[in-house]
Structures are given as C-alpha cells and as structure tokens.
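This briefing is for a reader who has the sequence and the coordinates at hand and would like a guided reading of selected local features. Please keep both open while going through the points below.

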Amino acid sequence: MFEKVKVDEKEYKRVPKDELFRVVKEIFVALNVPEEDAEIVADNLVMADLRGVESHGVQRLKRYVDGIKAGGVKVNPNIRVVKESPVYALIDGDEALGQVAAYRAMRLAIEKAKKNGIGVVGVRNSNHYGIAGYYAYKIAKEGLVGISMTTSRPLVAHTGAMEKFVGTNPIALGAPVEGQEEPFLLDMATSVVPSGKIEVYRRKNKPVPGEWAISTETGEIIHDPNEILSPKGAILPLGGLGELSGGHKGYGLAVLVDILSGVLMGATWSRHVGGTSDKHSDVGHFFMAIDPGAFGDADEFKRNMRKMIDELKNAKKHPRFERIWVHGEKGHLTAETRLKAGIPIYRKVYDEINAIAKELGVTPLS
Ligand code: NDP
C-alpha cells in the first residue's frame, strides 16, 4: 500500500472518498451552486487529495466558500463562447468557479480534437481552477494528449526581482499509455513549490525545508511559512534563486503560462491576477487536446508511450534512489491506496470543513 506522502495517523483522520465528495458537494449546493457544477468542483478537490496533492485538495475549501460569500465568484455565471472555429474557442467565464468554466472549456477541447484532430480552448474571466492535472487527466482518459495551464495570483519573485510578482502558474500534460488504465500525468507548479505546500507547513506550525522562498526585504532565503505567505516573503521560481540552478528557466515557464493562458486569451497576467476572494480576479486558462491519430497511428502512439516509459524506468539507477518513477505513477498508486484506506484529512482541516458544513446546514463528515 503506497502513499506519496507519509501520513502521521494521529494528525490525520481518514475519510472515505465518497463521504468527502458528498460533504464538499453539499456545501457548494448550500451556497446555491447548481448540483452539476458542485459535483465538478468536489471531484476536482477530492481528486487532489486522493492523489496525494494535499496543497490543492479540500484544505482550500474555505477559500472557495469565502470567495463565493464575498461575491468574487459567481455561482450562476453566464459562461459563454465568445469566439469559435472547428479547432479553437475562447470562453468568457463570467467570474465562475474556475473548475466550472475550465471543465466546460476542457469538454469543448475534447470535442474539437475528436472531430478535427486538435482542440485549443482558452478561458478568460475565470477563477482558481484547482489542480491543472485534473483536466489533462480527463483529456488523456479520452485517448487524447491533454495540456492544461492556468495563470494564478502573484506569489513568486522572478529571477532578479524581490517582490511577489508572477504566479505559481502550473502546467500539466496527460497522455494515454498502452497496457495501463491510468495515463502518464505530469502536473507541476512552475515555482519551486506551490503556495498550498507552504500553507500545509503553516497549518502544522513547521518551518519549510529547502530554499523555497526569499524575504522581500533582504532577499535572503527564509523558512517561516507565515513570513513567506505574508507580503514580507515570495516563493522562488523552479530552479531557485538566481541563474546557477536554472531559476531563470522556471521564471520563463511561468511567463510561458502567462502568455498562453493570460495575454493570448484576453485575461490578465502575473501581478494583475486577483485572489479567489477578490472581485475580478480574471484568471485565464489554456487547454489543448490532441488526437494522436491525427499525426500517425493512435495505437502506435500508445505503444511508444509504453516503450518510452519502460526505458525511462529501466535506466541505470542512482544508489540514493530506491527506484525510478515517471510522472503520475506515485499519484495513481496513492489513489489506489486511498480508495481502500480512506483519504487522510489533516484534523484542523477536518474540523474546518465540519464547521462550514454546520453553518450551512449540511450533515458534517462522519
Ligand atoms: P509535485 O512537485 O508534487 O509533482 C510534480 C510532478 O512530478 C507530478 O506530475 C508528480 O507525479 C511528478 N513526480 C513526483 N516525484 C517524481 C519522481 N521522483 N519522478 C518523476 N516524477 C515525479 O507538484 P507541485 O507541488 O509542483 O504541484 C502540486 C499541484 O499544485 C499540481 O497539481 C498543480 O497543478 C497545482 N497548482 C495549481 C495552481 C493553481 O493556481 N491552480 C498553482 C500551482 C500549482 P505524481 O502525481 O505521480 O506524484
């Protein structure tokens, strides 16, 4: 029974997946989110926890609830296609819950790829859409190659800067593989870590390890999660501080996401992106679905994906590592374990969810 992250059972409470899904869905329904939309958001958040991405699971529920209450997120938005061709579309999310606008865009990208080989769909005027991998995964489960990206609020000091300026802008790519049900799934922030991972340390009252962030006053590396998440700290781009280990390349990837999801889609970018509870956060998303059959033989693509993954895993192994992984593998195994053993929810988060549930008249987690 593998789990991506070791869980201290004293600090966590395991909840069956369906029960977690029920409570999250009912909380959104109680906030007047249509049932179908509530299911999409619940599915997205629960999938994160199921796959061991605690930073983007139900620990973020309160933020979504606060965003709706503050009026920054519309529960009955008028999501509309503003431009369309057989292979692309642009959607205005009308400040919907990010997952809801993103799901609609993803479905449209899939539809276009199945008909015409490729589908590129952008979204503007949206909100935080959860894990990027959710959408790439769903596209890959349809036998297509899926790409998903989003802008996010400014938390990262780009190379040479000493203030929160660009987003942690994630990129995800999913692809089907012969001989396995679950796709290859790369899903990553373009910063050293996403802010949610620092929030996990803050909840646990622990300093963050490594060189993840700097002080915006001195430029020195800092470890206090409260300071990092305050205006006094900023996360570093993938590759870290300066150019020595490639910080400028992580910075470049974040800008790439801002260009494709923000500038190209008529949404905003980097320092202009608002948070979940702000009005007009104007988050932008980018989705691409590609039919491997458009470029060659779809079965051969899957066979070659299998071959490539096997080759990667069978490379000469470094003595410090037990095994070589490929992207998505740890997440799939964690999900398998948690479907049986339950999803571990940090006790403070568990209590927070139940407090929200009680306030909204929803039956709390049992
Ligand atoms: P991780 O660093 O945890 O993982 C990044 C990728 O590397 C995953 O695909 C993971 O696969 C894979 N991986 C992990 N270990 C290995 C290994 N040893 N060999 C090969 N592959 C490996 O992700 P992040 O912390 O950067 O991001 C977490 C989540 O945060 C993502 O889901 C992202 O979409 C989300 N996010 C969302 C934002 C938003 O604004 N909406 C902003 C920033 C991030 P596996 O899943 O199998 O572990």
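What follows is a set of notes, grouped by topic, on a ligand site, a strand and its partners, a helix, aromatic pairs and a few single residues. The model is predicted, and local features are reported here where pLDDT is at least 70.

**The ligand and its surroundings**

- The shell around the ligand holds 26 residues, of which Lys 4, Gly 130, Asp 187, Ala 189 and Gly 331 come nearest.
- Sorted by class, the shell around the ligand is made up of twelve nonpolar, nine polar and five charged residues.
- An oxygen atom of the ligand has a backbone N or O atom of Ala 189 at 2.9 Å, while two side chains approach nitrogen atoms of the ligand: Lys 330 places a side-chain N or O atom 3.0 Å from one, and His 327 places a polar side-chain atom 3.3 Å from one.
- The ligand taken alone would expose 930 Å², and 83% of that area is buried by the protein.
- Two elements, strand E7 (184–188) and helix H10 (329–341), each give two or more residues to the shell around the ligand, and E7 contributes the largest share, with four residues.

**Strand E10 and its partners**

- Strand E10, spanning residues 283–290, is mostly covered, since eight of its eight residues are classed as buried.
- The residues of E10 point in two directions, with Val 283, His 285, Phe 287 and Ala 289 on one side and Gly 284, Phe 286, Met 288 and Ile 290 on the other, and the residues of both sets are buried.
- Strand E4 (residues 118–126) runs antiparallel to E10 and is joined to it by seven bridges; within this pairing, Ser 126 stands opposite Val 283.
- Strand E5 (residues 145–150) also pairs with E10 in the antiparallel sense, over six bridges, and here Ser 148 is the residue that stands opposite Phe 287.

**Helix H5**

- Helix H5 (residues 133–140) is largely enclosed by the rest of the structure, because seven of its eight residues are buried.
- The buried residues of H5 are Gly 133, Tyr 134, Tyr 135, Ala 136, Tyr 137, Ile 139 and Ala 140.

**Aromatic pairs**

- A search of the whole structure returns eight aromatic pairs, and two of them are described here.
- In the pair formed by Phe 2 and Trp 325, the ring centres are 5.0 Å apart and the planes stand at 40°, so the arrangement counts as tilted.
- This pair links distant parts of the chain, as Phe 2 belongs to the segment before strand E1 (12–15) and Trp 325 to the loop between helix H9 (298–313) and H10, with the two positions 323 residues apart.
- Both partners are partly exposed, Phe 2 with a relative accessible area of 27% and Trp 325 with one of 24%.
- Tyr 129 and Phe 287 form another tilted pair, with 6.0 Å from centre to centre and 40° between the planes.
- Because Tyr 129 lies in the loop between E4 and H5 whereas Phe 287 lies in strand E10, this pair ties together parts that are 158 residues apart in sequence.
- Tyr 129 counts as buried at 1% relative accessibility, and Phe 287 is likewise buried, with a relative accessible area of 0%.
- Tyr 129 and Phe 287 also belong to one aromatic cluster together with Tyr 134 and Tyr 135, and these last two are among the buried residues of H5.

**Single residues to inspect**

- Most residues other than glycine have a negative phi.
- Asn 32, a residue other than glycine, has a positive phi near 75°; Asn 32 is found in the loop between helix H1 (17–30) and H2 and is exposed, with a relative accessible area of 54%.
- Glu 95 likewise has a positive phi, near 60°, and is placed in the loop between strand E3 (88–92) and helix H4 (98–116), but Glu 95 counts as buried at 6% relative accessibility.
- Val 46 has its place in helix H2 (residues 35–50) and counts as buried at 2% relative accessibility.
- The C-alpha atoms of Val 46 and Tyr 350 are separated by 13 Å, although the two residues are 304 residues apart along the chain.

Definitions and conventions: Residues are numbered from 1 along each chain as its sequence is written. This is a predicted model: local features need pLDDT of at least 70, side-chain atom pairs count only at pLDDT 80 or more; totals for chains, interfaces and linings use all residues. Side-chain values use heavy atoms; hydrogens and water are left out. A residue is near a molecule or strand if one of its heavy atoms lies within 4 Å of it. A polar contact is a pair of N or O atoms within 3.5 Å; within protein, one must be able to donate a hydrogen and the other to accept it, and residues adjacent in sequence count only if both atoms are side-chain atoms. Accessible areas come from the Shrake-Rupley method with a 1.4 Å probe; for residues, only the protein chains shown count as cover. Ala, Val, Leu, Ile, Met, Phe, Trp, Tyr, Cys and Pro count as nonpolar, Asp, Glu, Lys and Arg as charged, and the others, Gly among them, as polar. Buried means under 20% relative accessible area, exposed over 50%, partly exposed in between (1.4 Å probe, protein chains only). Two strands pair if DSSP finds at least two bridges between them. Rings of Phe, Tyr and Trp (its six-membered ring) pair if their centres lie within 6.5 Å; planes under 30 degrees apart count as stacked, over 60 as edge-to-face and the rest as tilted.
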